[in-house]
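Please read the following report alongside the sequence and the structure, and keep both in view while working through the helices and the pocket.

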Amino acid sequence: MATQKKECPLSFKLGYWWAFGLSAVFLIYSGVKIILSFLDHNYDNTIPLIMFGLIGLILLFMAYAYKGLKTWGWYGQIVINGLIILLGIIGYHQYENIILLVLATGVLSALFSSQTKTYLFDSN
């Protein structure tokens, strides 16, 4: 008998596209800032920029794990989005943090949706 592949729910797709987008923002930001600091001959703040790049690589690794239906990738996405929500609540007086807070809350609700959990945990 041929096995049928289950359809990937929209909430699951929303979760991994958010994860890939977030990691891309970290990687692009650190890459551009490192290049600009070298062009300006300003080497004082390269360590924090390298750390941003490292965080972006870790987020990218977790996004691929989540897309590959690894449960630890799902847990990692929950922790990352929880941290974004917590930091958004702390800095709520800036509108950028409010936007990130709303987006991360939406993604976190998609991660906890029954369609995502069924798709992720029944396929393992």
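What is the mean pLDDT of the protein chain, and what percentage of its residues reach 70 or more? This is a predicted model, and the mean pLDDT of its protein chain is 87, with 94% of the residues reaching 70 or more. Within the chain, confidence is highest in helix 1, at a mean of 91, and lowest in helix 5, at 87. As a general caution, predicted coordinates should not be read in detail where pLDDT is low.

**Two helices and their spans**

The table sets out the lengths of helix 1 and helix 2.

| Helix | Residues in helix | Expected span | Span between end C-alpha atoms |
|---|---|---|---|
| Helix 1 | 30 residues | 44 Å | 43 Å |
| Helix 2 | 22 residues | 32 Å | 31 Å |

For helix 1, which covers residues 10–39, the distance between the end C-alpha atoms agrees with the span expected at 1.5 Å a residue, and for helix 2 the reach from the first C-alpha to the last is likewise close to the expected value.

**Buried and exposed positions**

The buried residues of helix 1 include Phe 12, Tyr 16, Trp 18, Phe 20 and Leu 22, and also several serines, among them Ser 30 and Ser 37. These buried residues pack against helix 2 (46–67), helix 3 (71–90), helix 4 (95–111) and helix 5 (114–122). In helix 2 the buried set includes Thr 46, Leu 49, Gly 53, Gly 56, Met 62 and Tyr 66, and what covers the buried residues of this helix includes helix 1, helix 3, helix 4 and helix 5.

Is Ile 28 buried or exposed? Ile 28 has its place in helix 1, and it counts as exposed because its relative accessibility is 57%, where the cut-off for exposed is over 50%. The C-alpha atom of Ile 28 is separated by 11 Å from that of Ile 50, which is 22 residues apart from it along the chain.

Positive phi values occur just after both helices: His 41 takes a phi of about 55° just after helix 1, and Leu 69 takes one of about 65° just after helix 2.

**The largest pocket**

The largest pocket holds about 310 Å³ of space. It is lined by 13 residues, of which Leu 22, Phe 26, Ile 84, Leu 87 and Leu 100 are the closest to its centre. Helix 1, helix 2, helix 3 and helix 4 each give two or more residues to this lining, and the largest share, five residues, comes from helix 3. By residue class, the lining of the largest pocket divides into eleven nonpolar and two polar residues, with no charged ones.

How values were computed
Residues are numbered from 1 along each chain as its sequence is written. This is a predicted model: local features need pLDDT of at least 70, side-chain atom pairs count only at pLDDT 80 or more; totals for chains, interfaces and linings use all residues. Side-chain values use heavy atoms; hydrogens and water are left out. Helices (H or I, at least four residues) and strands (E, at least two) are DSSP runs, numbered from the N terminus. The expected span of a helix is 1.5 Å times one less than its number of residues. Buried means under 20% relative accessible area, exposed over 50%, partly exposed in between (1.4 Å probe, protein chains only). Contact means heavy atoms within 4.5 Å. On a 1 Å grid over the protein atoms alone, a cavity is a set of points where a 1.4 Å probe fits but cannot get out, and a pocket is an open set with protein on both sides within 12 Å along at least five of seven lines; lining residues have an atom within 4 Å of a point. Grid points are joined across faces, edges and corners, and a volume is the space filled by probe spheres set on the points. Ala, Val, Leu, Ile, Met, Phe, Trp, Tyr, Cys and Pro count as nonpolar, Asp, Glu, Lys and Arg as charged, and the others, Gly among them, as polar. pLDDT is the predictor's confidence in each residue, from 0 to 100.
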